Amino acid sequence: MSSQPSNRVLIFDTTLRDGEQSPGATLTSAEKLEIARQLARLGVDIIEAGFPAASPDDLAAVQRIAREVGTPDGPVITGLARAREHDIRVCWEGVKDAAKPRIHTFLGISDYHLDFITKTTKQEALKIIRDAVTLAKSLCDDVEFSPMDAGRADPAFLVEVCAAAVECGATTLNIPDTVGYVMPQEWYELMHSLIHETPGAGPDSGVVWSVHCHDDLGLATANTLAGVMAGARQVEVTINGIGERAGNTSLEEVVMSLATRPQYYHLTTGINTREITKTSRMVSNYTGMPVQPNKAIVGANAFAHESGIHQDGMLKNAQTFEIMTPDTVGLNESRLVLGKHSGRHALKARLLELGYPVEGEQLNHVFARFKALADAKKVVTDADLEALVADETNKPQEIFKLVDCQITCGTMGMPTATLKVRDPDGVEHIHAAVGTGPVDAAFRAIDSIVKVPNTLVEYAVHAVTAGIDALGEVTVRISSVDDKRTFGGYGAEPDIVVASIKAYMAAINRMLAAQGYGDVKPEGEAATVGISGD
Ligand code: KIV
Ligand code: ZN
């Protein structure tokens, strides 16, 4: 049983599991490993590395994280498993090489889940839970059980379920508001009564109570903090609040609430808050999910003061309009690091310090682009470097590859894009298209060459740093016309149209890879040249 001090809140990060379930947020296993390493630097207590039974790739990614990040002084590594023998055994295969492994198993227990999904009675569900937790406990000492959709479940049954899970060996009881339905006061009362009324799981039992909230009504952080006030000492969260539908509770919001109001909560976490901004950027870049500018803690405007009254107050005393400093979350850690005379070694060392072990060919590419940027921009910050690395390392397999592009636009004529793209057989295709703007023209030219129907569902561009010479970051999400799956792409370039083209090509390449690209080829074997427009 846990020896966790009663004022310490454990941070359970599920960015790589629940977060990765966000539409379009699929990560490669190399990206997952880098995010896991960064989560360890951030100081999370538990990493939910994936859902090992979902696919052999998921299992392999969890195994790699368990071996490489789950060191004795690193975080607990867990994986999710349905309450089924196969899932639990595969989950154990995933996490068993970590120094501190955990199995996290769950079953839906609201009437909606019992009647429509598992189609079981309450008594049958209790037996499934007992069997699952008993099996998990026979493999692993550290077992977490989650009664899914607890927020809409019968409270008396919930107590029975939690008592059964603890009796069979669960050491953490995680209570999910799976559909983001509950209100903060209601959640406080539910958690308080569960903690005090569940046989064998009271405040002194050593069982860790946990909360897992979704943000469908924008209440995930409030509900999570209400759970903590009621006695929960583990919170399940994701970076930037990414996750199914409206997302999960955001790590940075909960951690900074506890850190900013110590006299109110009297609670601590093991998080190094100065790593928050960097972690947020890495997750956003790798998942292709931009952070909304007004997002608490990590949004671009979170520390910006626009109005005259605010600026005046800030100059007199920052506390007039600021409840925490940007330094606390690592926002100003971005220093001028390297100039145009800096060499490869200096770049490599700085990237390593930033958490990016870039080597070989990839380093050569980043170095060449760093030199070009330093020439154009003079001042290259850590944020610029992070964007360049994300652009270089976050590329899917380049099934179709951009060779060259030329764009014309302005008030005098129709925006036109001419693109040269290499297909999987090495054949080059040139196509020119006109559009309502240069980005539209470029995307039309790509569509004419690649010929894979898709719908553009999101396009976002933002400057990595302040200043007119800033690097532009573009994230694009497309959905396939056939199965409506979404795919993200990312590009960073001083020229935002080029960044847009790269992001769109990356999203298309991800979609093609998922569809088995061998089936999709441009028509004809020879090079093509074409022009299109409305
Ligand atoms: O939201 C949920 O109920 C979950 C569980 C599997 C913990 O993600
Ligand atoms: Zn969830």
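**View 1. Aspartate 97 and its partner arginine 67.** Aspartate 97 is partly exposed, because its relative accessibility is 38%, a value that falls between the 20% below which a residue counts as buried and the 50% above which a residue counts as exposed. In this predicted model, the side chain of aspartate 97 forms a salt bridge with arginine 67, and the closest N and O atoms of the two residues are 2.7 Å apart. Arginine 67 belongs to helix 2 (residues 56–68), whereas aspartate 97 sits in the loop between helix 3 (85–95) and strand 4 (101–108), so the salt bridge ties together parts of the chain that are 30 residues apart in sequence.

**View 2. A salt bridge between arginine 102 and aspartate 142.** The side chains of arginine 102 and aspartate 142 meet here, with a distance of 2.9 Å from N to O. Arginine 102 lies in strand 4, while aspartate 142 is found in the loop between helix 5 (122–139) and strand 5 (143–148), and this pair therefore links distant parts of the chain, 40 residues apart. Arginine 102 has a relative accessibility of 5%, and so this residue counts as buried.

**View 3. The zinc ion (ligand 2) and its donors.** Three residues coordinate the zinc ion (ligand 2), namely Asp18 through OD, His212 through NE2 and His214 through NE2, at 2.0 to 2.1 Å. Along the sequence, these donor residues follow the spacing D-x193-H-x1-H. Aspartate 18 is in the loop between strand 1 (10–13) and helix 1 (29–42), and histidine 214 is in the loop between strand 7 (208–213) and helix 8 (220–230), with their positions 196 residues apart in a pair that links distant parts of the chain. Aspartate 18 is buried, with a relative accessible area of 3%, and histidine 214 also counts as buried, at 4% relative accessibility.

**View 4. Where domain 1 meets domain 2.** The chain is divided into domain 1 (10–287), domain 2 (305–392) and domain 3 (401–527), and this view concerns the contact to which domain 1 gives 14 residues and domain 2 gives 17 residues. The centres of domain 1 and domain 2, taken over C-alpha atoms, are separated by 33 Å. Between them the two domains bury about 1400 Å², of which 53% is on carbon and sulfur atoms. Arg274, Lys278 and Arg281 together supply 37% of the area that domain 1 buries against domain 2, which is more than any other three residues.

**View 5. Polar links and helices at the boundary of domain 1 and domain 2.** There is 1 salt bridge between domain 1 and domain 2, and 5 residue pairs are in polar contact. Glutamate 386 and arginine 281 form a salt bridge in which the closest N and O atoms are 3.0 Å apart. On the side of domain 1 that touches domain 2, the elements that give two or more residues are helix 1, helix 9 (251–260) and helix 11 (276–287), and helix 11 gives the most, with 7 residues.

**View 6. Glutamate 398 with lysine 401, and a network of salt bridges.** The structure holds 34 salt bridges, and one of them joins the side chains of glutamate 398 and lysine 401, at 3.4 Å from N to O. Both partners are partly exposed, glutamate 398 with a relative accessible area of 38% and lysine 401 at 34% relative accessibility. Arg369, Asp391, Glu392, Glu493 and Lys502 are joined into one network by salt bridges that share partners.

Note on methods: Residues are numbered from 1 along each chain as its sequence is written. Chains are lettered from A and ligands numbered from 1 in the order in which they are written. This is a predicted model: local features need pLDDT of at least 70, side-chain atom pairs count only at pLDDT 80 or more; totals for chains, interfaces and linings use all residues. Side-chain values use heavy atoms; hydrogens and water are left out. Donors are N, O and S atoms within 2.8 Å of the metal (3.2 Å for Na, K and Ca); water is not among the atoms, so sites may look incomplete. Helices (H or I, at least four residues) and strands (E, at least two) are DSSP runs, numbered from the N terminus. Buried means under 20% relative accessible area, exposed over 50%, partly exposed in between (1.4 Å probe, protein chains only). Domain bounds come from an automatic or database domain assignment. Contact means heavy atoms within 4.5 Å. Buried area is the accessible area (1.4 Å probe) that two parts lose on being put together, summed over both. A salt bridge is a side-chain nitrogen of Lys or Arg within 4 Å of a carboxyl oxygen of Asp or Glu. A polar contact is a pair of N or O atoms within 3.5 Å; within protein, one must be able to donate a hydrogen and the other to accept it, and residues adjacent in sequence count only if both atoms are side-chain atoms.
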